[in-house]
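Colleague: I would like to learn how to read a few features of a model. Please take them one at a time.

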Amino acid sequence: MTSFAPAVRNHRRTALAVVLCGGLIAALTACAGEDPDKGTNGVGKLSAEQIDTKTRAAADTADGVRLAGTLVSKGGTYMLNMKLSDKGGTGSVSSKKRSFVLLRIEDALFIKADADFWRHEEDGKAGRSDQEAAEKLGGKYVKVPEDDPSYRQLRGFTDKKVLLDGLLTLHGTLNKGARDTVTGHRTIQLLGGKGEGGALDVSLEGKPYPVRVARGGGGGTVTLADWGRAVALEAPQDDDTVDYGGELPKSSG
C-alpha cells in the first residue's frame, strides 16, 4: 500500500509558507502605509541644512507674508501684526505702554498713533509745545523723515527681508526636530542646537514656507501666514497726513 503521508506533510509546509509570506507582505504593506512623507512636499526626507536652504529660498521669492506674534529684545517686548511685501509693509506694533500703526511704501514711511503717544511728559507734565504737537499729530499718519533717528528702527518693522533674516536665523548646529501640525499645516521642525538656539516649523504641504518661529532665549514666538498673497499698499489721504518736516518730536512711545 502506498502511503500519502509525506504528500500531506509537504502540502501543510507549503500552506504554512504561504501564510508566513502573506503575513510578511501584509506587514510590509502596513509599514509602507505609515510613510510620514506620503502626500507631502518631500522636504521631511532632507537634511536640516537642505531644509533650511529650501525654506529661505521659498520665503525670499514669496510676494507677501503676514507676521503675527511677539518679539522680545533689549528694548522691550513688541506685539506684531504686520503684512509685508518687497515694496513695503503695513500693520500694527504694540508695546506694554503704547501701540502704533506703520505704513511704508518704498522709502516713504508713516506712523500713526493717538495723541498720548506724542505727548512727551517730564515730571508728569507735558509742555505747551508738546501738547500742541500731540494734538496736531494724534490720529494722523505722520511722515517720518529719512534723517530722523527713529526712521531706521521703525522701517525695520516693515522690511520683509530684515525681519525674515532675523526670524529665520537659528543659532547653533542645525538639527531636525519633531513633526507637528501648525495652523493646519503638517510641519517638520528645525532646531538650533537642541532648541536653545530657536525652533522653526516648516510646512510639509505645498512650498516649504516657515509657518512658526520660536526664538531662542525666550525671544518670542511668531506665526507666518498668507505666503504669496499680495499686500495692498496705498498712501494715506492728504487730509489724513501730517508732514512734520524735520526731526519728529519726542514721544512717550
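Colleague: Which residues are exposed on the other side of H2?

Modeller: First the basis: this is a predicted model, in which local features need pLDDT of at least 70, side-chain atom pairs count only at pLDDT 80 or more, and totals for chains, interfaces and linings use all residues. Residues are numbered from 1 along each chain as its sequence is written, and side-chain values use heavy atoms, with hydrogens and water left out. Exposed means over 50% relative accessible area, buried under 20%, and partly exposed in between (1.4 Å probe, protein chains only). On that side of H2, Thr53, Asp60 and Thr61 are exposed. Helices (H or I, at least four residues) and strands (E, at least two) are DSSP runs, numbered from the N terminus.

Colleague: Why do the buried residues of H2 lie on the same side?

Modeller: An α-helix has 3.6 residues a turn, so residues three or four places apart point the same way. In H2, the buried residues are Ala48, Ile51, Asp52, Thr55, Ala58 and Ala59. They cover an arc of only 135 degrees around the axis, which puts them on the same side of H2; the arc is that of the directions from the helix axis to the C-beta atoms.

Colleague: What covers the buried residues of H2?

Modeller: Contact means heavy atoms within 4.5 Å. The cover includes helix H6 (160-167) and strands S9 (174-182), S10 (185-192), S11 (199-203) and S12 (210-214).

Colleague: Where is Thr158, and is its side buried or exposed?

Modeller: Thr158 sits in the loop between helix H5 (151-156) and H6. Its relative accessibility is 0%, so Thr158 counts as buried.

Colleague: Which side chain makes a polar contact with the side chain of Thr158?

Modeller: A polar contact is a pair of N or O atoms within 3.5 Å; within protein, one must be able to donate a hydrogen and the other to accept it, and residues adjacent in sequence count only if both atoms are side-chain atoms. The partner is the side chain of Arg104, at 2.7 Å. A polar atom of the Thr158 side chain also lies 2.8 Å from the backbone oxygen of Arg155. Leaving aside neighbours within four places in sequence, the contacts of Thr158 include Met82, Leu84 and Leu102.

Colleague: Where does Glu234 lie, and what does Glu234 touch?

Modeller: Glu234 is in the loop between strand S13 (221-225) and strand S14 (241-243). With 64% relative accessibility, Glu234 counts as exposed. Not counting residues up to four places away in sequence, Glu234 touches Leu103 and Ile105.
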